[in-house]
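Take a moment to look over the sequence and the fold. Where should a newcomer begin? The paragraphs below offer one route.

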Amino acid sequence: MLTCTTTIFAVIESHERYDSSKSSTYYPNGTKIEIEYGSGSMAGFLSTDVTTLQGVAIKNQTFAEATQEPGESFVIAKFDGILGMGFPEIAELGVTPVFNNMIIQQLVDQPVFSFYLDRNANDTHGGEMVLGGSDPQYYTGNFTYVEVSRDGYWQFNVDGMLINAQKSDYCSGGCEAIADTGTSLLTGPSSEITKLNNQLGAHSEMGQFMFDCSQIASLPTVTFIINSQKFSLTSKDYVLVV
């Protein structure tokens, strides 16, 4: 009981909280909700209110108020909540996502959103989410567009993979992939990932593949072919140094 109480107290004290009693635009819903994440879970109930992002007010936005967050995932997290950017088809309890409401209410210039992610943990500016377009200061060249193969997640087809610019057996004949900003690692089918890591010289420890840091510079470039365009990752891109 002591551990549980301490954890709940830590979650409450370390994050900003929503208080419906202080809102004149709050509308009660009360439907119970539970969500399991890759790490951690939550339980609570739905509420509706005006949601504001950078001064833009989204009216009649339904969201979940978390009353239970077991474990330490949300205690150590720096964020105060989770904003789902998937399609309405996979939204919990059929709730209309925030960005879809922004489109419906004509609050964005285009039905487009984009992310800039900075992997340097020492930078004060960790990244940006741009709603309604993209910010050219964070990229050069042109975007490559690919059709969504299934509404739900941002799922698309990958034509194939290269290892050091050479054709490989991975994703042979094409395969499906999902772009997910909520996933911090590259994941894939167990058999394929195991085979690839064995080829790269990694060893498995507690379900994760490890390299000796002295190997990183000599590891090959892994290239994903998407809509006939090549996107290459060097070892510095796909190895997390801890």
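What follows moves from the whole chain to single strands, a helix and a few residues.

Start with the whole. This is a predicted model. The protein chain has 242 residues, and 23% of them count as buried. It contains 5 helices and 13 strands. Its C-alpha atoms fill a box of roughly 60 × 50 × 35 Å along the principal axes. The chain exposes about 17,200 Å², and carbon and sulfur atoms supply 52% of that area. Now consider contacts between residues at least 6 apart in sequence. Of these, 44% join residues at least 24 apart.

Next, divide the chain. The domain assignment gives domain 1 as residues 6–107, domain 2 as 108–140 and domain 3 as 144–233. The C-alpha centres of domain 2 and domain 3 lie 23 Å apart.

Go now to strands β2 and β3. Strand β2 covers residues 41–53, and strand β3 covers residues 56–68. The two run antiparallel and are joined by 10 bridges. One bridge pairs Asp 49 with Gln 61 in β3. In general, strands of a sheet pair through backbone hydrogen bonds, in a parallel or an antiparallel way.

Look at the turn of this hairpin. There are 2 residues between the strands. Gln 54 lies in this loop between β2 and β3. Its phi is positive, about 50°, although Gln 54 is not a glycine. Is Gln 54 buried or exposed? At 83% relative accessibility, Gln 54 counts as exposed.

Step back into β2 and find Ser 47. Here the setting is another one. Ser 47 has 0% relative accessibility, so it counts as buried. Which residues does Ser 47 touch, leaving out those up to four places away in sequence? They are Tyr 26, Tyr 27, Asn 29, Gln 61, Thr 62, Phe 63 and Glu 65. Gln 61 is also the bridge partner of Asp 49. With Glu 65, Ser 47 makes a polar contact between side chains, at 2.6 Å.

Just ahead of β2 comes a loop. It follows β1 (27–36) and holds Tyr 37. Tyr 37 has 29% relative accessibility, so it counts as partly exposed. Beyond residues up to four places away in sequence, Tyr 37 touches Met 42, Phe 74 and Ile 82. Tyr 37 can also be set beside Gly 182. The two are 145 residues apart in sequence, yet their C-alpha atoms are 9.7 Å apart.

Now travel further along the chain to an open sheet. It has 4 strands in the order β8-β7-β12-β13, with antiparallel pairing. Which strands form its edges? They are β8 (166–167) and β13 (229–233), and each pairs on one side only. Strand β7 (residues 160–163) and strand β12 (residues 222–226) pair over 4 bridges in the antiparallel sense. Among the bridge partners are Ile 163 and Val 222, the latter in β12.

Between β7 and β8 there is a loop, and Asn 164 sits in it. Asn 164 is not a glycine, but its phi is positive, near 50°. At 44% relative accessibility, Asn 164 counts as partly exposed.

Turn to helix α4, residues 190–200. Its buried residues include Leu 196, Asn 197 and Leu 200. These cover an arc of only 95° around the axis, so they are on the same side of α4. A general point helps here. An α-helix has 3.6 residues a turn, so residues three or four places apart point the same way. What covers the buried residues of α4? The cover includes β7, β11 (208–210) and α5 (235–238). Strand β7 has already appeared, in the open sheet. On the other side of α4, Ser 190 and Ser 191 are exposed. Gly 201 follows the helix, and its phi is positive, near 95°.

Finish in the segment after α5, where Val 242 is found. Val 242 has a relative accessible area of 87%, so it is exposed. Cys 213 is 29 residues from Val 242 along the chain. In space, 9.5 Å separates their C-alpha atoms.

Key:
Residues numbered from 1 in each chain as written. Predicted model: local features only at pLDDT ≥ 70, side-chain atom pairs only at ≥ 80, totals over all residues. Heavy atoms only, no water. Buried < 20%, exposed > 50% of the residue type's maximum accessible area, 1.4 Å probe, protein only. Polar contact = N/O pair within 3.5 Å; in protein donor to acceptor, adjacent residues only side chain to side chain. Contact = heavy atoms within 4.5 Å. Pairing = 2+ DSSP bridges. Domains from an automatic or database assignment. Arc of directions from axis to C-beta. Areas by Shrake-Rupley, 256 points an atom, 1.4 Å probe, with all protein chains shown as cover.
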